[in-house]
Amino acid sequence: MDAWIPSLLQALALPEFGLSTVAVVAFLSATLLPMGSEPAVFGLVKLNPGLFWPAIGVATAANTLGGLLSWWMGLGAHHLADQARHSPTHLRALDWLERLGPRACFLSFLPLVGDPLCALAGWLRMPLAPCAGYMALGKCLRYLAMTAALLWLWPEPASLLSYE
């Protein structure tokens with residue numbers, strides 16, 4: 001069983017599979033699942049430096065689509081949350097989100113609060129197109145900053161797939 005893991009990892013590092021892997025991981029990590037996609041983006045770029053911009057683009061698009069899924073889930077959950085409407089925390093959060101409007105979706109890149117924020121934007125029926133734009137901007141800037149910082153911290157080529 002352990003023999004297939006290195007071959008799977010090697011196949012996923014190939015450019016033709018690497019971008020699709022980044023897309024799946026970025027999409028899933030933007031939903032309410034507790035995972036991050038930055039390691040997948042960094043790993044692909046580290047192994048294939050020529051894929052820096054394609055990886056950033058694919059991760060941004062897939063992560064934004066995952067955020068939009070959260071938006072739609074929030075819209076659908078609107079009717080299920082009626083019993084919590086009058087708690088003080090809920091009212092403060094709603095007031096803050098309503099004052100910011102779709103611009104609040106820029107913060108969708110934040111860990112722990114970003115994905116629920118997208119769901120709340122949908123629950124509040126904020127307009128989809130501006131929310132998507134702010135989500136994409138925040139997520140793109142996060143991927144650029146994280147990947148550039150990791151490449152700066154570890155500039156030497158990766159030797160994960162070399163068997164010496």
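This briefing covers the fold, one helix pair, one buried leucine and one pocket. The model is predicted. The chain holds seven helices and zero strands. Of its 164 residues, 35% are buried.

**Overall fold**

- Read from the N terminus, the elements run α-α-α-α-α-α-α.
- Long-range contacts feature in the chain: take the contacts between residues at least 6 apart in sequence, and 78% of them join residues at least 24 apart.

**Helix pair α5 and α6**

- Helix α5 spans residues 88–100, and α6 spans 114–123.
- The axes of α5 and α6 come within 11 Å.
- They cross at roughly 80°.
- The crossing angle therefore makes α5 roughly perpendicular to α6, since angles of 65 to 115 degrees fall in that class.
- On the α5 side, the contact uses His90, Leu94, Trp96 and Leu97.
- On the α6 side, the partners are Leu117, Leu120 and Trp123.
- By class, this contact of α5 with α6 has six nonpolar residues, one polar residue and no charged residues.

**Leu94**

- Leu94 sits in helix α5 and is one of the residues that meet α6.
- Is Leu94 buried or exposed? Its relative accessible area is 12%, so Leu94 is buried, the cut-off being under 20%.
- Leaving aside residues up to four places away in sequence, Leu94 touches Trp123 and Leu124.
- Trp123 also appears in the α6 side of the helix contact.
- Leu94 and Ala121 are 27 residues apart in sequence. Their C-alpha atoms lie 9.6 Å apart in space.

**Second largest pocket**

- The second largest pocket holds about 340 Å³ of space.
- How many residues line the second largest pocket? The lining has 20 residues.
- Nearest the centre of this pocket lie Met35, Leu110, Pro111, Leu112 and Asp115.
- Three helices each supply at least two lining residues: α2 (15–30), α6 (114–123) and α7 (128–153).
- Helix α6 thus has two roles here: α6 helps line the pocket, and α6 makes contact with α5.
- By class, the pocket lining has 11 nonpolar, six polar and three charged residues.
- Charged residues are present in the pocket lining, whereas the contact of α5 with α6 has none.

Technical notes
Residues numbered from 1 in each chain as written. Predicted model: local features only at pLDDT ≥ 70, side-chain atom pairs only at ≥ 80, totals over all residues. Heavy atoms only, no water. 1 Å grid on protein atoms, 1.4 Å probe; cavity = no way out; pocket = protein on both sides within 12 Å on 5 of 7 lines; lining within 4 Å. Points joined across faces, edges and corners; volume = space filled by probe spheres on them. Helix = DSSP H or I, 4+ residues; strand = E, 2+ residues; numbered from the N terminus. Nonpolar A, V, L, I, M, F, W, Y, C, P; charged D, E, K, R; others polar. Axes fitted to C-alpha atoms, helices over the stretch in contact; angles between N-to-C directions. Parallel < 35°, antiparallel > 145°, perpendicular 65-115°, else oblique. Contact = heavy atoms within 4.5 Å. Buried < 20%, exposed > 50% of the residue type's maximum accessible area, 1.4 Å probe, protein only.
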